[in-house]
Amino acid sequence: MITRKSSFEIKRMREAGEITARILSRVAQAIKPGITTQELDDLAEAAAREFGVKPAFKGYQGFPASICVSVNDQVVHGIPGPRRLEPGDIVGLDFGVVYQGYYGDAALTVAVGEIAPVHRKLLTVTQESLWKGLAQARAGNRVSDISRAIQEYVEKNGFSVVRDFVGHGIGQAMHEEPQVPNFVDPAWTGFDPVLKPGMTLAIEPMVNAGAVEVKIDRKDRWTVRTVDGSYSAHFEHTVLVTEGEPEVLTKVTTPAGETGGLIQW
Ligand code: MG
């Protein structure tokens, strides 16, 4: 069942989304050569405490950390640990919160120091593909309009869209109906519903610089990597479908003049 949120619910989702974005922005700004991915998790956890929210991923199906940190060929679901970031790395941060019973979910990928031009392009194209998809999150469109916009843009730029993981509805649960794939595929057997005002979706392209295949780490059973070792990027926003323009919920709405230092994506 796809839920359409009431104005009461939307208000809470706006707050959950804004807190998610603030915490992610803070963690992203801490990224520099030498910092460990565990330190990034500590920052996320401390920030969640400060904002009075629960990190949504911690304990989710046994996930052991507050934030997913996925480096280089890691696509998503990387577990923070002793790894030290180095110049040339790209770091995906995926984070969600629960606030008064409602979820926010967002992700971005950032560079550590100087990175290879192809990886710079990977970050740019993945972020832009998110916005191409977001622009299709309009009442009357179908989910596949979002999927197609993302896939066409990514493939036009020579990269590939991960098939094994998809975006999702979000609200009182982190994962609600419908699934939001980043591709259109005859083999896709999920629903392709018409979008209606009040639906809230987490749109999240995962894009590989090389081939499409990914595998899950057999030891930790979480970390997803590209099979060919190519680097992978991930950007995500939680968005509200309205009568008009889609509303990005995972953004910081600080009054003008007070946004200095914040990363928005
Ligand atoms: Mg998500």
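Two rings of Phe, Tyr or Trp (for Trp, the six-membered ring) are taken as a pair if their centres lie within 6.5 Å, and a pair counts as edge-to-face if the planes are over 60 degrees apart. By this rule the count comes to one aromatic pair in what is, it should be said at the outset, a predicted model. The partners are Phe-63 and Trp-222, with 5.0 Å from centre to centre and 90 degrees between the planes, an edge-to-face arrangement. The pair links distant parts of the chain: Phe-63 belongs to the loop between β1 and β2, Trp-222 to the loop between β11 (214-216) and β12 (224-226), and 159 residues set them apart. Both Phe-63 and Trp-222 are buried.

Rings also take part in contacts with charged side chains. The charged end of Arg-12 sits over the ring of Phe-8, at 3.7 Å from the ring centre. Likewise, the charged end of Lys-121 sits over the ring of Phe-159, here at 5.3 Å from the centre.

Attention now turns to the metal site. The magnesium ion has as protein donors Asp-105 (OD), His-168 (NE2), Glu-204 (OE) and Glu-236 (OE), which lie 2.2 to 2.4 Å from the ion. Along the sequence, these donor residues follow the spacing D-x62-H-x35-E-x31-E. Glu-204 and Glu-236 link distant parts of the chain, 32 residues apart: Glu-204 is in the loop between β9 (200-203) and β10 (206-208), and Glu-236 in the loop between β13 (232-234) and β14 (237-240). Glu-204 counts as buried because its relative accessibility is 6%, and Glu-236 counts as buried because its value is 0%.

Helix α2 offers a pleasant check on geometry. At 1.5 Å a residue, the 15 residues of α2 (residues 37-51) should span 21 Å, and the end C-alpha atoms are indeed 21 Å apart, so expectation and model agree. Which residues of α2 are buried? They are Thr-37, Leu-40, Asp-41, Ala-44, Ala-47 and Ala-48. These residues cover an arc of only 130 degrees around the axis, and therefore lie on the same side of α2. As general background, an α-helix has 3.6 residues a turn, so residues three or four places apart point the same way. The cover over the buried residues of α2 includes α1 (7-29), β1 (54-55), β2 (68-71) and β4 (90-99). Arg-49 and Glu-50, by contrast, are exposed and are carried on the face of α2 turned away from its buried side. After α2 comes Gly-52, with a positive phi near 70 degrees.

How values were computed
Residues numbered from 1 in each chain as written. Predicted model: local features only at pLDDT ≥ 70, side-chain atom pairs only at ≥ 80, totals over all residues. Heavy atoms only, no water. Helix = DSSP H or I, 4+ residues; strand = E, 2+ residues; numbered from the N terminus. Expected span 1.5 Å × (residues − 1). Buried < 20%, exposed > 50% of the residue type's maximum accessible area, 1.4 Å probe, protein only. Arc of directions from axis to C-beta. Contact = heavy atoms within 4.5 Å. Donors = N, O, S within 2.8 Å, 3.2 Å for Na, K, Ca; no water. Phe/Tyr/Trp six-rings, centres within 6.5 Å; stacked < 30°, edge-to-face > 60°. Lys NZ or Arg CZ within 6 Å of the ring centre and 35° of its normal.
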